[in-house]
Amino acid sequence: MPELPEVEAARRAIEDNCIGKKIVKAIIADDSKVIDGVSPVDFKASLEGKTIVAANRKGKNMWIELDSPPFPTFQFGMAGAIYIKGVAVTKYKRSAVKDDDEWPSKYSKVFLELNDGLELSFTDKRRFARVRSLEDPVSVPPISELGPDALLEPMTVDEFYKALSKKKIGIKALLLDQSFISGIGNWIADEVLYQARIHPMQSASSISKEDCATLLKCINEVVIFLELAVAITYHLYKTSFLMASYWR
């Protein structure tokens with residue numbers, strides 16, 4: 001299941017490879033379960049001819065900023081993924097498209113071809129993802145309902161302790177609540193609680209301020225470590241790919 005590091009890896013790959021390029025062709029799947037609130041025809045028209053100016057993320061949601069709205073917005077769900085032909089988005093799972101792979105995949109929901117020939121696709125095998133076309137993604141759900149981003153908007157110890165003291169549910173359930181902190185999923189929550197030596201079922205309101213400080217430190221360390229690991233493996237792969245291309 002995609003969590004903050006996977007979505008951040010996708011955002012970085014788009015930032016590194018697509019900024020400043022124009023979308024010359026878009027293919028939108030006729031799948032109203034995933035393509036939410038906009039027809040494929042209107043979605044296609046909103047993309048073609050636009051230039052990609054930024055790639056943004058909050059929690060497990062990403063949106064591509066174009067030179068004018070609306071912007072394509074991706075809620076990754078259980079199995080959503082970004083693929084860029086010729087680019088390994090992450091190295092810890094197979095994410096590079098090979099020459100003999102089906103392309104675009106039959107699971108592609110949004111396919112874009114850029115003016116330099118680069119191609120990217122958002123796929124979803126399980127159809128739990130949601131792709132939207134939004135004028136201002138941060139002002140409407142789901143992004144407007146998210147809590148602070150675990151990587152970009154860390155809380156202070158006092159803020160964290162105050163927030164926990166009001167919650168009588170188990171701490172793991174609270175960490176998984178995207179309206180409380182966005183970007184933490186099941187395996188990150190497990191790792192954070194293991195490192196902090198806090199039982200997942202312990203009531204959030206019963207955690208001492210000292211343990212709150214430890215827990216917050218572990219959240220920051222685990223998320224930053226994973227984010228750095230994603231960045232390093234991506235750039236190492238990119239460097240090795242360029243060197244291999246040079247020596248061919």
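These questions and answers cover salt bridges and one loop residue in a predicted model.

User: How many salt bridges does a search of the whole structure find?
Analyst: The criterion is a side-chain nitrogen of Lys or Arg within 4 Å of a carboxyl oxygen of Asp or Glu. The search runs over the whole structure, and the number of salt bridges found is 14.

User: Which residue meets the side chain of arginine 12 in a salt bridge, at 3.0 Å from N to O?
Analyst: Arginine 12 lies in helix α1, residues 4-18. Its partner lies in that helix too, four residues apart, or about one turn. The salt bridge joins arginine 12 to glutamate 8.

User: Is glutamate 8 buried or exposed?
Analyst: Buried means under 20% relative accessible area. Glutamate 8 has 5%, so this residue is buried.

User: What class of exposure does arginine 12 fall in?
Analyst: The partly exposed class runs between the 20% and 50% cut-offs. Arginine 12 has 22% relative accessibility, so it counts as partly exposed.

User: How far apart are the closest N and O atoms of glutamate 15 and arginine 11?
Analyst: Both residues sit in helix α1, four residues apart, so about one helical turn separates them. They form a salt bridge, and the closest N and O atoms are apart by 3.1 Å.

User: What is the relative accessibility of arginine 11?
Analyst: Its salt-bridge partner is glutamate 15. Glutamate 15 is partly exposed, at 37%. Arginine 11, in contrast, counts as buried, with a relative accessibility of 12%.

User: Which residues are linked with Arg57 in a network of salt bridges?
Analyst: The glutamate 8 to arginine 12 pair is a salt bridge. Glutamate 15 and arginine 11 form another such pair. The network takes in these four residues and an aspartate, so the residues linked with Arg57 are Glu8, Arg11, Arg12, Glu15 and Asp149.

User: Which residue forms a salt bridge with lysine 44?
Analyst: Lysine 44 is partly exposed, at 32% relative accessible area. The partner is partly exposed as well, at 29%. The closest N and O atoms are 2.6 Å apart, and the partner is glutamate 48.

User: Where is the place of methionine 78?
Analyst: Methionine 78 counts as partly exposed, at 32% relative accessibility. Strand β4 covers 71-75 and β5 covers 80-84. Methionine 78 is in the loop between β4 and β5.

User: How far apart in space are methionine 78 and arginine 127, C-alpha to C-alpha?
Analyst: In sequence, methionine 78 and arginine 127 are 49 residues apart. In space, their C-alpha to C-alpha distance is 8.1 Å.

Methods:
Residues are numbered from 1 along each chain as its sequence is written. This is a predicted model: local features need pLDDT of at least 70, side-chain atom pairs count only at pLDDT 80 or more; totals for chains, interfaces and linings use all residues. Side-chain values use heavy atoms; hydrogens and water are left out. Helices (H or I, at least four residues) and strands (E, at least two) are DSSP runs, numbered from the N terminus. Buried means under 20% relative accessible area, exposed over 50%, partly exposed in between (1.4 Å probe, protein chains only).
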